[in-house]
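Colleague: Hello! I'm new to this one, so could you walk me through a few of its side chains?

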Amino acid sequence: MRRKSIHRFSTLLGLALCMASPSGLGAAEAEGCVPVGAWVDPASGERRADMPAALAGRSVVLLGESHDAAEHHRWQLHTIAALHGHRRDIVLGFEMFPRRVQPVLDRWVAGELNEADFLREVDWRKAWGMDSDLYMPLFHFARMHRVPMLALNVDRAVSRRIASDGLAALSAAEREGVDDPAPAADAYRARLFEIFLTHAKEGERPSAESGEFRRFVEAQLFWDRAMAEPIGEVAARAQPGRAAPLVIGIMGQGHVQYGEGVPHQLAALGIHDVATALPWDTEDCDGLDPDVADAVFGLAPPERDDDSEGSRQDR
């Protein structure tokens, strides 16, 4: 009798699930192009439960973000934990820190600083300025597991100086050891121009040939190159019989998308085994270009105020 009841329940449950899938569509199709909680390969549109294992097999994994999106940082934390489950030898690189604070990161990971001292010594408010609560879980993960943290950036004042006066105006000391960036591909320049236009004064239409835009591009490329170089240095540490650590880069998604930005600069440095991953608004099917990233992870649309204007592009 009990077996009959179980069988009847299973049959009813199966019918209910079939009815819940409209027009006979599969579960993935019914839930949208990137279902919440699922990894998807944009090139094929397929769900990939094995994506963390596949990413862990690469030399570099870049995780993009919108800096002020809490859910993006939760996704980064969970992804780092998944990758760490496959690879114990990882290094976490952060756009948020200029190179000069590397000794502070080392002391934090070693457990020598509390939160207040850590944030003060990295000059968090000036160096980055976003709510530190968004990032502290990532920093605590590194300390808990003694995972090295890598400062990827230069001082923000350097980028502002380039945008104002051009790359040629920097002294050797101001460059902080960063080499000349590889030129931008036409597609990247076009995307940067769209961003550049958002900073234009109302009623103005700046030219893509203007000196102002040229300096803007120089600043962005220098920023990309600055982050690529320390990542490349770690990724090139492979020795006979021993692989280099997996470098996981945490940075704005504008530096990651379409294999441009940091991946392009890494390629110029001879580092080609690079994977890119982005958090994805599950409702954004129009923006799911096959080339946007190697992997995307579906997140529920963020809660916003009625008068809030959201944007997927974040540099």
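Colleague: Is Glu71 buried, partly exposed or exposed?

Modeller: Happy to help! This is a predicted model, where local features need pLDDT of at least 70 and side-chain atom pairs count only at pLDDT 80 or more, while totals for chains, interfaces and linings use all residues. Residues are numbered from 1 along each chain as its sequence is written, and side-chain values use heavy atoms, without hydrogens or water. Buried means under 20% relative accessible area, exposed over 50%, and partly exposed in between (1.4 Å probe, protein chains only). Glu71 has a relative accessible area of 36%, so the class is partly exposed.

Colleague: Which side chain does Glu71 meet in a salt bridge?

Modeller: A salt bridge is a side-chain nitrogen of Lys or Arg within 4 Å of a carboxyl oxygen of Asp or Glu. Glu71 lies in helix H4 (residues 70-86); helices are DSSP runs of H or I, at least four residues, numbered from the N terminus. The partner sits three residues apart in that helix, about one turn, and the N to O distance is 2.6 Å. That partner is Arg74.

Colleague: Which residue in helix H10 forms a salt bridge with Arg161?

Modeller: Arg161 lies in helix H9 and also forms a salt bridge with Asp165. For the H10 partner, the closest N and O atoms are 2.7 Å apart. The pair ties together parts that are 13 residues apart in sequence, because Arg161 is in helix H9 and the partner in helix H10 (residues 172-175). The residue is Glu174.

Colleague: How many salt bridges does the structure hold?

Modeller: One network of them links Arg99, Arg225 and Glu229. The structure's total is 15.

How values were computed. Helix = DSSP H or I, 4+ residues; strand = E, 2+ residues; numbered from the N terminus.
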